Amino acid sequence: METASSVAEVLVHNRNRVCRIEINRPEKKNALTRQMYAAMAGAINGADADPEIRAILLHGSKDCFCAGNDLKEFQLAGENPELRPAGSNPFMEAISLAEKPMVAAVTGPAIGIGTTCLFHFDLIYAGQSATFSMPFVRLGLSPEAGSSFLLPRLVGHQRAAEILLLSKTLSSQQALDLGIINAVLPDNKVIDHAWDISCKLAQQPPASVRLTKALLKKQAMATLSDTMADELQHFARRLESGECKEALSAFFERREPDFSSFE
Ligand code: COA
């Protein structure tokens, strides 16, 4: 059954007690706008509150999971403080607080929040051609969604530094070796596999599943919410920086950025 989503770029289907959320803006590589964040947050919060739903699955298009935040919106927010989001991102809040298990299927690139959101998921399956990157530094920005805490916790400081400071892109095999994802599958099988796993989760005893997820996350939760609040403040200031403005102009002008004059 297809259920309501407030925007066409986010499709939501409830079936077999699984809420399946599809990012559907392939012409912009599934870059996320504020409206899309709100729709995804609404779907996740709704699924978490709905006793009929027992698992949440997120996936993108067949050749792109998500190219991160819409860079045009970042550019506008950097120029006009009134266009800057007030408070935290509702999608990040929803994924960090969801009590039900969340599964992700990654096909093609997962960039910026396309990767950082995954650190809040419980089970992640990626296609052979999937890639993972968090190019915040290359964009003159700073980490978000709790990634400055969750990434080093997963992979250690030095590997996290390499990935974040050098905006290193990981292949799906590298992400598997680092423990960031659960398995690599053929590209054309990954969404079906993640669906099967979501249905399997939905058949488990639901209270036991929710309790186990809560216990797995308990130690991290306090630090995580402090980190997310701290990151948000830095991120908002970085959007106004000359470094970020140069990086965003360079992206849309399809040229290399020039950071040589910055201190
Ligand atoms: N925000 C806004 N628009 C984006 C976007 C983003 N994050 N990512 C891609 N697009 C747009 C492009 O501007 C282009 O639009 P156009 O057709 O109107 O010119 C369209 O999506 C296709 O992108 P393109 O770069 O031509 O495709 P590609 O296959 O060569 O590369 C990516 C795909 C995802 C690797 C590349 O677009 C990219 O690096 N995007 C930016 C990722 C990023 O830095 N995200 C922010 C992280 S914080």
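Partly exposed describes a residue whose relative accessible area falls between the buried range, under 20%, and the exposed range, over 50%. The model shown in these views is predicted.

**Figure 1. Phe 259 and Phe 262 form a tilted aromatic pair****.**
The structure holds five aromatic pairs. In the pair of Phe 259 and Phe 262, the ring centres are 6.3 Å apart. The planes make an angle of 55°. Phe 259 has a relative accessible area of 32%, so this residue is partly exposed. Phe 262 is also partly exposed, because its value is 31%.

**Figure 2. Phe 136 and Phe 235 meet edge-to-face****.**
This view shows another of the five aromatic pairs. The centre-to-centre distance between Phe 136 and Phe 235 is 6.4 Å. Their planes stand 75° apart. Phe 136 sits in the loop between S8 and H5, whereas Phe 235 belongs to helix H9, residues 206–239. The pair therefore ties together parts that are 99 residues apart in sequence. Phe 136 counts as buried because its relative accessibility is 5%. Phe 235 has a relative accessibility of 10%, so Phe 235 counts as buried too.

**Figure 3. Three phenylalanines form one aromatic cluster****.**
The members are Phe 74, Phe 136 and Phe 235. Two of these residues, Phe 136 and Phe 235, make the edge-to-face pair of the previous view. Phe 136 brings the loop between S8 and H5 into the cluster, and Phe 235 brings in helix H9.

**Figure 4. Lys 72 lies over the face of an aromatic ring****.**
The ring belongs to Phe 252. Lys 72 is at 4.0 Å from the ring centre.

**Figure 5. Lys 29 has a positive phi without being a glycine****.**
The phi angle of Lys 29 is about 55°. Lys 29 is part of the loop that runs between strand S3 (18–23) and helix H1 (34–49). Its relative accessibility is 45%, so Lys 29 counts as partly exposed.

**Figure 6. Ala 145 is another residue other than glycine with a positive phi****.**
Here phi is near 60°. Ala 145 lies in a loop, with strand S8 (131–133) on one side and helix H5 (147–155) on the other. The loop between S8 and H5 also holds Phe 136. Ala 145 is buried because its relative accessible area is 2%.

How values were computed. Residues are numbered from 1 along each chain as its sequence is written. This is a predicted model: local features need pLDDT of at least 70, side-chain atom pairs count only at pLDDT 80 or more; totals for chains, interfaces and linings use all residues. Side-chain values use heavy atoms; hydrogens and water are left out. Helices (H or I, at least four residues) and strands (E, at least two) are DSSP runs, numbered from the N terminus. Buried means under 20% relative accessible area, exposed over 50%, partly exposed in between (1.4 Å probe, protein chains only). Rings of Phe, Tyr and Trp (its six-membered ring) pair if their centres lie within 6.5 Å; planes under 30 degrees apart count as stacked, over 60 as edge-to-face and the rest as tilted. A charge sits over a ring if NZ of Lys or CZ of Arg is within 6 Å of the ring centre and within 35 degrees of the ring normal.
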